[in-house]
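Here are a few exercises to work through with the model open in front of you. Try each task yourself, then check your steps against the solution.

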Number of protein chains: 2
Amino acid sequence: MSWQDAIKWDQDGLVAAVAQDAVSGRVLMVAWMNQTALEASLLEGRAVYWSRSRGRLWRKGEESGHVQRIRELRLDCDGDAILLRVEQLGGIACHTGRESCFYRVFDAGEWRETDEVLRDPAQIYSASKGEKSGE
Amino acid sequence: MSWQDAIKWDQDGLVAAVAQDAVSGRVLMVAWMNQTALEASLLEGRAVYWSRSRGRLWRKGEESGHVQRIRELRLDCDGDAILLRVEQLGGIACHTGRESCFYRVFDAGEWRETDEVLRDPAQIYSASKGEKSGE
């Protein structure tokens with residue numbers, strides 16, 4: 001059985017991909033991969049996702065420079081979710097300039113923003129184009 | 001704006017839900033929540049998912065006893081993924097008897113099982129019914 005056979009792609013040919021900082025253990029983001037994205041990630045040693053919103057491969061950090069170098073790649077028991085333990089270049093995964101996309105915590109009936117912006121998105125992205133959220 | 005308005009349910013009314021052990025930092029599993037599952041999770045303080053395979057709410061640990069007590073609940077920038085930092089009762093999240101569902105690591109072209117089985121699934125589940133993987 002090849003490694004591809006263990007993966008259960010959904011009806012859109014995707015699996016969920018969770019990126020976790022290999023050093024801090026912080027969960028950085030959830031994105032999606034199709035087979036091409038996963039193969040590119042393995043080949044290039046960096047996180048390559050499938051951007052559903054843009055309908056194309058998304059080499060994380062292609063515009064921001066916030067590349068995710070893959071330290072380890074894991075598959076879950078169902079074969080429909082991937083865990084990437086990554087080195088997050090720049091220490092910023094989120095297009096808002098924060099370390100993690102999970103910067104809002106549920107508190108007393110609302111989502112409270114807890115994490116600080118480490119870098120102004122306007123400085124991360126040029127005016128004419130923005131990686132923004134790949135999703 | 002209510003907290004519900006920040007959530008972007010997909011075409012099936014679901015969001016991805018990542019459970020992370022609040023102590024070890026280990027990513028335990030990825031599952032799904034619809035609005036009812038999320039509201040039940042908030043109300044009950046334990047992880048309640050939507051089982052796509054069984055088409056019903058899945059109170060994690062309902063048969064195994066491996067309940068996930070919610071310490072913190074976070075939402076990502078897109079509003080389509082939830083992060084649960086949990087206390088994993090029994091120290092086992094996976095229906096295979098392992099701590100995490102992500103027990104296979106990509107190594108030299110194959111998925112190598114790295115994590116030990118902490119408890120025999122036959123001991124966790126009765127013969128006639130099994131929570132198994134909720135997905």
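**Exercise 1. Decide whether Thr114(A) is buried, partly exposed or exposed, and place Thr114(A) in the chain.**

Solution. Start with the cut-offs: a residue is buried with 20 or more other C-beta atoms within 10 Å of its own, exposed with 12 or fewer, and partly exposed in between, the C-beta atoms being placed from the backbone. Thr114(A) has 13 C-beta neighbours inside 10 Å, so it counts as partly exposed. Next, find its place: Thr114(A) sits in the loop between E8 and helix H2 (121–124) of chain A. (Helices, H or I with at least four residues, and strands, E with at least two, are DSSP runs numbered from the N terminus.) Now look for company. Skipping residues up to four places away in sequence, Thr114(A) touches Tyr103(A) and Val105(A), where contact means C-beta atoms, placed from the backbone, within 7 Å. Finally, Phe102(A) is twelve residues away from Thr114(A) in sequence, with 9.3 Å between the two C-alpha atoms.

A word on the ground rules: this is a predicted model, where local features need pLDDT of at least 70 and side-chain atom pairs count only at pLDDT 80 or more, while totals for chains, interfaces and linings use all residues. Residues are numbered from 1 along each chain as its sequence is written, and chains are lettered from A and ligands numbered from 1 in the order in which they are written.

**Exercise 2. Check phi and exposure at Ala108(A), then do it again for Ala108(B).**

Solution. Take chain A to begin with. Ala108(A) is in the loop between E7 and E8 of chain A, and it has a positive phi of about 50° despite not being a glycine. Its count is 6 C-beta neighbours inside 10 Å, so Ala108(A) is exposed. Over in chain B, Ala108(B) lies in the loop between E7 and E8 of that chain. Phi of Ala108(B) is positive too, near 50°, and with 6 other C-beta atoms within 10 Å this residue is exposed.

**Exercise 3. Work out how E1(A) is enclosed and which strands pair with it.**

Solution. Begin with burial: seven of the seven residues of E1(A) are buried, so the strand is largely enclosed by the rest of the structure. Val15(A), Ala17(A), Ala19(A) and Asp21(A) point one way, and Ala16(A), Val18(A) and Gln20(A) the other. Then turn to pairing, which takes at least two DSSP bridges between two strands. E1(A) runs antiparallel to E2(A), with six bridges joining them; there Ala17(A) has Ala31(A) as its bridge partner. These two strands form a hairpin with five residues between them, and Gly25(A) in the turn has a positive phi of about 80°. With E6(A), E1(A) pairs in the parallel sense over six bridges, and Ala19(A) stands opposite Leu84(A).

**Exercise 4. Trace the six-strand sheet from one edge to the other.**

Solution. The order is E2(A)-E1(A)-E6(A)-E5(A)-E7(B)-E8(B), an open sheet with mixed pairing. At the edges stand E2 of chain A and strand E8 (110–113) of chain B, each with a single partner strand, so one side of each has no neighbour in the sheet. For the crossing between chains, look at E5(A) and E7(B): two bridges join them, antiparallel, and Arg74(A) stands opposite Val105(B). There's a counterpart pairing of E7(A) with E5(B), also antiparallel and with two bridges, where Arg104(A) faces Leu75(B).

**Exercise 5. Describe the contact between the chains and how the copies are related.**

Solution. Count the residues: 32 come from chain A and 32 from chain B. On the chain A side, E5(A) gives the largest share, four residues. Then compare the surfaces: 100% of the interface residues of chain A are also interface residues in chain B, so the copies meet through the same surface. Last, superpose by least squares on C-alpha atoms of residues with pLDDT of at least 70 in both copies. Chain A goes onto chain B with an RMSD of 0.0 Å after a turn of 180° and a shift of 0.0 Å along the axis. The copies are thus related as by a two-fold rotation axis. In chain A, the C-alpha nearest that axis belongs to Gly25(A), at 2.9 Å.

Technical notes:
Two residues are in contact if their C-beta atoms, placed from the backbone, lie within 7 Å.
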